[in-house]
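Got the viewer open? Let's take a short walk through this one, a stop at a time.

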Amino acid sequence: MNFSLNEFLISVSNTLDAIETDLFGVPTNHSKRIAYIATRIAHKLMLKPEEIFDLAALSLMHDNGATMKILDDKINYTVKQKIAVSESRKEHCLIGEANLKHFPFLTNPEDIIKYHHEDYNGGGFFGLSGDDIPLFAQIIHISDNLDLKFDLNHTSKELLVNYIVANRNGKFSIFLSDIVLDLMDEKEFWEDLKDENIKRALEHQIPLFANALSFKNIRQITHTLSRIIDAKSILQEGTQQDYLVVCLKWQDTIILIRRQNIKF
Ligand SMILES: [Fe+2]
Ligand SMILES: [Fe+2]
């Protein structure tokens, strides 16, 4: 079966968006912005298309292991604060890495989600530093950090540039900091990050791929998605909202359907 990996990735992203909208009341576009910044960095580094595809997939799912249970008593927090709290535990790195074990990546990336909160100078959940941190994890970290610290829809360029300069050769490597500073010089970069543009801008950055997948592969993928959705849906216990992921073959594309109010 010819399986469009891009359509699949967009379906995964849409499914996560739907859950996020239920949890936060609005789609935050957090993961899309991380994926956009990360793939822009990857293009600057002239990574292979397969690597850029995998980096986009990893970025879109970088917080798949963040349980929402810890948000139960944070109802007065802003959306930004809730995202920061949901990312504040080491476990979300370990659970997220394990959840993606059977995802159909093209380049076998390892330990990227596990180390996506490591600072270049050794701060972070696992104390890794320098180039012991996988490059993809470093790229996701710098992208994630910008969206966690600032409202990228409205924050002034000057504030962000100052932040990167202050953390250059600290939280982030000099190498990646300078690439991000280059990106910030582009008007298009700021336009693309806006909520109304981010989806289209991101799709533009992801190379096209289709793969032949066996039924076994597809079963593994649906299992992966179920694990992610189960973890994300913990907050919804008692609110009668469950998710059913159904894979259908339609014009050589697998599509995912979300339904609400389903009893198993
Ligand atoms: Fe995270
Ligand atoms: Fe994040």
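Before the first stop, one convention: two residues count as in contact when their C-beta atoms, placed from the backbone, lie within 7 Å. With that cut-off, take the contacts in the protein with a separation of 6 or more: 69% of them join residues 24 or more positions apart. Keep in mind that you are looking at a predicted model.

**The whole thing**

Colour by secondary structure and you should find eleven helices and four strands. The protein has 264 residues, and 36% of them count as buried.

**Stop one: H3**

Select residues 49-60, which make up helix H3. How far apart are the end C-alpha atoms of H3? They sit 17 Å apart; twelve residues at 1.5 Å a residue should span 16 Å, so the two figures agree.

Now look at what surrounds this helix. Nine of the twelve residues of H3 are buried, so the helix is largely enclosed by the rest of the structure. To see them, pick Ile52 and then Phe53, Asp54, Leu55, Ala56, Ala57, Leu58, Ser59 and Leu60. Show H1, H2, helix H6 (135-149) and helix H10 (198-205) as well, since these are included in what covers the buried residues of H3.

**Stop two: H1 against H3**

Keep H3 on screen and add helix H1, residues 5-24. The two axes are 10 Å apart, and the helices pack at an angle of about 15°. H1 and H3 are therefore roughly parallel to each other, as angles under 35 degrees count that way. Their crossing is left-handed.

For the side chains, show Leu5, Leu9, Val12 and Ser13 on H1, which meet Phe53, Ala56, Ala57 and Leu60 on H3. Sorted by class, this contact has seven nonpolar residues, one polar and no charged ones. As for the spacing of such positions, an α-helix has 3.6 residues a turn, so residues three or four places apart point the same way.

**Stop three: H2 against H8**

Clear the selection, then pick helix H2 (residues 30-44) and helix H8 (residues 174-184). Are these two roughly parallel or roughly perpendicular to each other? Their axes come within 10 Å and cross at roughly 105°, so H2 and H8 are roughly perpendicular.

Show Arg40, Ile41 and Lys44 on H2; on H8, the residues they meet are Leu176, Ile179, Val180, Asp182 and Leu183. By class, the contact of H2 with H8 holds five nonpolar residues, three charged and no polar.

How values were computed: Residues are numbered from 1 along each chain as its sequence is written. Chains are lettered from A and ligands numbered from 1 in the order in which they are written. This is a predicted model: local features need pLDDT of at least 70, side-chain atom pairs count only at pLDDT 80 or more; totals for chains, interfaces and linings use all residues. A residue is buried if 20 or more other C-beta atoms lie within 10 Å of its own, exposed if 12 or fewer, and partly exposed in between; C-beta atoms are placed from the backbone. Axes are lines fitted to C-alpha atoms, for helices over the stretch in contact, and angles run from 0 to 180 degrees between N-to-C directions. Angles under 35 degrees count as roughly parallel, over 145 as roughly antiparallel, 65 to 115 as roughly perpendicular and the rest as oblique. A crossing is left-handed if the near helix is turned anticlockwise from the far one by less than a right angle, and right-handed if clockwise. Ala, Val, Leu, Ile, Met, Phe, Trp, Tyr, Cys and Pro count as nonpolar, Asp, Glu, Lys and Arg as charged, and the others, Gly among them, as polar. The expected span of a helix is 1.5 Å times one less than its number of residues.
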